[in-house]
Amino acid sequence: AVRIWSRTVVTVRQQHWGRPMSLNLFIAVACVVAAILLTIATVRFFFSARKPQTQDAFKDQPAGARASAGDTLRTRRSDNRESIALLTRQLVVSAILTLLVLLPALVRALYPDMVPDWMVDPWVQAIIITPVMFYGGAPIHIDGWGALLRRVPNMNSLASIGTIAAYAYGILVCLFESALPQAMREPYFEVTGVIITLVLFARWAVDMWLPRRPAFPLQERVDRVSRVWVPITILIALWTFVCWLIFGPQPSFTRALLMGVSVLIIACPAALGWAAPLSAGAALDDAQRYGLTVRTTSALQQAKDTSVVLVSSALAPRAEQAVAQLSGTGVEVAEVDARRTDEAVRALAERRADGATVMFIGDGSEDVRVRDAANIAVACVALDNPEAAPIHADVIAAPTDYACALKLIRLSKATMHNIRENLWWAFIFNLVGIPLAAGVLYPFTGWVLNPMLACVAMILSSICVVLNAVRLRHCKLDGAW
């Protein structure tokens, strides 16, 4: 147990935090001035009044374009078999090579005599993980740095910076291993592999579960948070490096670099990046089990706020059924003659003008303008392949599904609650983890967080998000309210 702890927590005992600086006064002042200038430059670059250079969230490639290893979210065709096949190869290659580095390190931590030295040799690990860094991680680096240059940093930006820092530290260990203290000779190449593999898995899950659907509206809110969170994390890592460089024990530069890397690793975007798309994917699967085909993710977000359900009079029995199903929920249910297009559109527009979130339920024969006038349009039609149906609607339900509105509202509430849980978990994890990684416990206990332990914590955080999203598959959409 002592051996395992010693590999996960670097323990440096000092008499007190306020010992003399490791660097002379001139170098210390120069480091602080440089950090202040970098902080000002970062704040001005990302938070100035000038409007950031935005770019469409998705841009289709030409039909005949070949997929490239560097394709990003904005250039990859999620309905293109070649693109998905390429992403799958990147994920599989990254996962296998990462396991080749990660498993020997974990086994050696538990049973030191079972793993030969060559399997954990830094140069061997560097050779194995380099394809993960530059082949598997290509879309992450391109998208992340492109977003940084446009001043709209996203979670890929943080993932790219974290993996570059971890990989660079590993190369530093390879080149100067003998010059480093024994406790700082761990290269942490497995950290690079784990981060890239998790981010690729999130991208793969989105492409497989949400093909060709517009971005989840709540994800846009997460992206706006990322534009603030990523620069703040970078600045925390910068000042962590400076403080450890000035006040930390020798060798101060290497230890400061290690602490800065730990901050970037523990703030990795996997949990935050997965929060919305994994929940949305699980919700779509749940909807299918109950006979609903949700074709726009915005319907999942808006349905929980439904206050008015207008049913086409062509579905006469449905209005009575809907009233019975929604009674006591505060949702108003009424009929509308969808065959009179102008009147129906006007009725829908009037309700929306009053601030109501309106759901329209029709049989698919009404004019498309009627469905467009509602916040959420449900078409109750019998189709062999509802996903590919030409009918313009947010949701496709069976012709005899009299409870489709109730089920959709329930699913929306469950989905949004699940996403909020995921986001809060990711936020609390970072709120606790980043100060620990920065070394706030060191003045009191002499303990600092090892990057490998930061990586394990990041994995556990991501697993919690996945397990919480999977709970939506067991959500009950039928029965009494």
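# Close-up views of a predicted model

**View 1. Ser157 is a buried residue of helix α6.** At 0% relative accessibility, Ser157 counts as buried (buried is under 20% relative accessible area, exposed over 50%, partly exposed in between, with a 1.4 Å probe and protein chains only). Ser157 belongs to helix α6. This is a predicted model, in which local features need pLDDT of at least 70, side-chain atom pairs count only at pLDDT 80 or more, and totals for chains, interfaces and linings use all residues. Residues are numbered from 1 along each chain as its sequence is written, and side-chain values use heavy atoms, with hydrogens and water left out. Leaving aside residues up to four places away in sequence, Ser157 touches Gly144, Ala147, Leu148 and Val230 (contact means heavy atoms within 4.5 Å).

**View 2. Helices α5 and α6 cross in a left-handed sense.** Helix α5 covers residues 138-149 and helix α6 residues 155-176. Helices (H or I, at least four residues) and strands (E, at least two) are DSSP runs, numbered from the N terminus. The two helices pack at an angle of about 115 degrees, and their axes are 7 Å apart. Axes are lines fitted to C-alpha atoms, for helices over the stretch in contact; angles run from 0 to 180 degrees between N-to-C directions. A crossing is left-handed if the near helix is turned anticlockwise from the far one by less than a right angle, and right-handed if clockwise. On the α5 side, the contact includes Ile140, His141, Asp143 and Trp145. On the α6 side, Asn156, Ser157, Ile161 and Ile164 are among the residues met. The contact residues divide into seven nonpolar, six polar and one charged. Here Ala, Val, Leu, Ile, Met, Phe, Trp, Tyr, Cys and Pro count as nonpolar, Asp, Glu, Lys and Arg as charged, and the others, Gly among them, as polar.

**View 3. Six strands make an open, mixed sheet.** The strand order is β2-β7-β6-β5-β3-β4. Two strands pair if DSSP finds at least two bridges between them. β2 (293-294) and β4 (332-336) stand at the edges. Each has a single partner strand, so one side of each lacks a neighbour in the sheet.

**View 4. β3 pairs with β5 and with β4.** Strands β3 (residues 306-312) and β5 (residues 357-362) run parallel over five bridges. Val308 stands opposite Val358 in β5. Val309 has Met359 as its bridge partner in β5. Five bridges also join β3 to β4, again in parallel. There, Leu310 stands opposite Ala334. Six of the seven residues of β3 are buried, so this strand is largely enclosed by the rest of the structure.

**View 5. β6 is buried along its length.** Five of the five residues of β6 are buried, so the strand is largely enclosed by the rest of the structure. Both faces are covered. Ile376, Val378 and Cys380 lie on one side, and Ala377 and Ala379 on the other. β6 pairs with β5 in the parallel sense over four bridges. Phe360 stands opposite Ala377 in that pairing. β6 and β7 are also parallel, with three bridges. Cys380 stands opposite Ala397 in β7.

**View 6. Helices α13 and α15 pack on the sheet.** Helix α13 (residues 341-353) lies across β3, β4 and β5. Its direction is at about 155 degrees to β5. Helix α15 (residues 404-438) touches β2, β3, β5, β6 (376-380) and β7 (395-397). The direction of α15 makes about 140 degrees with that of β5.

**View 7. The structure holds zero disulfides.** A disulfide is a pair of cysteine sulfur atoms within 2.5 Å. Cys404 is in no disulfide; the nearest cysteine sulfur, that of Cys380, is 4.2 Å away. Cys404 is buried, with a relative accessible area of 2%. Cys31 is buried as well, at 19%.

**View 8. Ser365 is an exposed loop residue.** Ser365 sits in the loop between β5 and α14 (368-372). At 60% relative accessibility, Ser365 counts as exposed. The C-alpha atoms of Ser365 and Ile391 are 9.2 Å apart, with these positions 26 residues apart along the chain counted as their separation.

**View 9. The whole chain gives the setting.** The protein has 17 helices and eight strands. Of its 481 residues, 51% count as buried. Among contacts with a separation of 6 or more, 73% come from residues 24 or more positions apart.
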